[in-house]
Amino acid sequence: MAGFSFFLMCAALLCASSAHAKPTLRKERVLYQDPELVRQAHEDNKSYQYDHEAFLGKEEAKTFDQLTPEESKDRLGKIIDRIDGDADGFITTAELKAWIKRVQKRYVYENVAKVWTDYDLNKDNKISWDEYKQATYGYYLANPEEFEDDKDQFSFKKMLPRDERRFKEADLNGDLAADREEFMAFLHPEEFEHMKAIVVLETLEDIDKNGDGHVDEDEYIADMFAHEDGGPEPDWVKTEREQFSDFRDLNKDGKMDQDEIRQWIMPQDYDHAQAEARHLVYESDSDKDQKLTKEEILENWNMFVGSQATNYGEDLTKNHDEL
């Protein structure tokens, strides 16, 4: 387990270092983006690659991209039959939304299942805070002298109490031991309503460099863009400054508080699965009857295989009862 702890320590260091480094490319913190707005912003990209990466992540998109077009279409055709719940030959927005939500939920569950045994050290089917702390920070806590001169020591000192705070927020019964549902909330707080305040707070802490409890325009821009060469700002940065003034700073006091940050990264009354389903239907509905046939979907296979609706074909290898 010491080796595993050291591996996690290195991964944590990498994450912490990247959190403090200034990005050279635009960083998106919005958790629930509107696919139609994404399409408009990237309308010159005819390959749907942005859709693939936005809805699957880069690694998952690469996995599916390795398939031939014929393999992709074949897998997609079989998935369509399963999405069509009433077997009427049409895929409605509601059916597509329901499928996407199920795939999203399964992704979170499987992600937790993959790491569960690494943290459940005493095999009691719960993960206590002490178990998580030992597995994640054990090497650092046992060998602090190795980090005395390390610039990342600060990151460990910051991350440990932050993880503890999030763990306790996810621990609904307060026993400092997470069951699977609670551990899901800990690892994927953006998926749980009672965890969203933590997501907002962590976002604020990441961006608020002067520690005043707010995010001003310069901090907002610095989180996305590093002005290293001293040249003019790209047009998209100028647009983001306008966005900050017009839409982020709702009370026009020159900065964002936690409520305004929440509106930014997690818009109220926004259903990501619904927006994604509407987007897919709109883009593929050739006869504009507000529903899709298998033929219409297959004609747009390259967009759909990059969508959460397919989960890059994994569902074909699973028992139907799992979904």
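# Exercises on helix packing and burial

Gln104 is buried in this predicted model, its relative accessible area being 18%.

**Exercise 1.** Determine where Gln104 lies, whether the term "buried" or "exposed" applies to Gln104, and how far Gln104 is from Glu191 in sequence and in space.

*Solution.* Begin with the secondary structure, where Gln104 is found in helix α6. Next, take the relative accessible area of 18% and set it against the cut-off, which for a buried residue is under 20%; Gln104 is therefore classed as buried. Finally, compare the two separations: Gln104 and Glu191 stand 87 residues apart in sequence, while their C-alpha atoms are 9.3 Å apart in space.

**Exercise 2.** Describe the surroundings of Trp116, starting from its place in the secondary structure and ending with its contacts.

*Solution.* Trp116 belongs to helix α6. With a relative accessible area of 3%, Trp116 is buried. Once the neighbours within four places in sequence are set aside, the contacts of Trp116 are Asn125, Lys126, Ile127, Ala178, Asp179, Arg180 and Phe183. For one of these partners, Arg180, the separation from Trp116 is 64 residues in sequence and 8.3 Å in space, taken from C-alpha to C-alpha.

**Exercise 3.** Work out how α6 is oriented towards α9, and which residues make the contact between these two helices.

*Solution.* Two packed helices are described by the angle between their axes and by the distance between the axes. The axes of α6 and α9 cross at roughly 105 degrees and come within 10 Å. Angles of 65 to 115 degrees count as roughly perpendicular, and α6 and α9 are therefore roughly perpendicular to each other. On the α6 side, the contact is made by Val108, Tyr109, Asn111, Val112, Ala113, Val115, Trp116 and Tyr119, and on the α9 side by Arg180, Phe183, Met184 and Leu187. Sorted by character, the residues of this contact comprise ten nonpolar, one polar and one charged.

**Exercise 4.** Repeat the analysis for helix α5 (residues 69-83) against helix α6 (residues 93-119), and for helix α10 (residues 196-207) against helix α13 (residues 258-265).

*Solution.* For the pair α5 and α6, the packing angle is about 105 degrees and the axes are 10 Å apart, which makes α5 roughly perpendicular to α6. Here α5 contributes Ile79, Arg82 and Ile83 to the contact, and α6 contributes Glu95, Leu96 and Trp99. These residues divide into four nonpolar and two charged, with no polar residue among them.

For the pair α10 and α13, the axes come within 9 Å and cross at roughly 105 degrees, which makes α10 roughly perpendicular to α13. From α10, the contact takes in Lys196, Ala197, Val199, Val200, Leu201, Thr203, Leu204 and Ile207, and from α13 it takes in Gln258, Ile261, Arg262, Trp264 and Ile265. The division in this contact is nine nonpolar, two polar and two charged.

**Exercise 5.** Identify the largest nonpolar core, the helices that supply it, and the contacts of Tyr137.

*Solution.* The largest nonpolar core has 23 residues, and those with the most contacts inside it are Tyr119, Ile127, Tyr132, Tyr137, Phe167, Phe183 and Phe186. At least two residues of this core come from each of α6, α7 (129-142), α8 (153-170) and α9 (180-187). Apart from its neighbours within four places in sequence, Tyr137 is in contact with Tyr132, Phe156, Met159, Leu160 and Asp163. A second, separate core has 19 residues, including Leu76, Ile79, Leu96 and Ile100.

**Exercise 6.** Locate Leu176 and Lys252, and state the sign of phi and the degree of exposure for each of these residues.

*Solution.* Leu176 sits in the loop between α8 and β3 (177-178), and its phi is positive, at about 60 degrees, although Leu176 is not a glycine. The relative accessible area of Leu176 is 38%, and Leu176 is partly exposed. Lys252 sits in the loop between α12 (235-248) and β5 (255-256), and its phi is likewise positive, near 60 degrees, in a residue other than glycine. With a relative accessible area of 49%, Lys252 is partly exposed.

**Exercise 7.** State where the UniProt record places the feature "domain: EF-hand", and describe residues 107-142 and 158-193.

*Solution.* The unreviewed UniProt entry places this feature at residues 71-106, 107-142, 158-193 and 195-230. Residues 107-142 are 75% helix and 6% strand, with end C-alpha atoms 34 Å apart. Residues 158-193 are 58% helix and 6% strand, with end C-alpha atoms 25 Å apart.

Terms used
Residues are numbered from 1 along each chain as its sequence is written. This is a predicted model: local features need pLDDT of at least 70, side-chain atom pairs count only at pLDDT 80 or more; totals for chains, interfaces and linings use all residues. Side-chain values use heavy atoms; hydrogens and water are left out. Axes are lines fitted to C-alpha atoms, for helices over the stretch in contact, and angles run from 0 to 180 degrees between N-to-C directions. Helices (H or I, at least four residues) and strands (E, at least two) are DSSP runs, numbered from the N terminus. Angles under 35 degrees count as roughly parallel, over 145 as roughly antiparallel, 65 to 115 as roughly perpendicular and the rest as oblique. Contact means heavy atoms within 4.5 Å. Ala, Val, Leu, Ile, Met, Phe, Trp, Tyr, Cys and Pro count as nonpolar, Asp, Glu, Lys and Arg as charged, and the others, Gly among them, as polar. UniProt positions are given in the numbering used here, feature names are shortened, and annotations may be inferred rather than shown by experiment. A nonpolar core is a set of buried Ala, Val, Leu, Ile, Met, Phe, Trp, Tyr and Cys residues joined through side-chain atoms within 4.5 Å. Buried means under 20% relative accessible area, exposed over 50%, partly exposed in between (1.4 Å probe, protein chains only).
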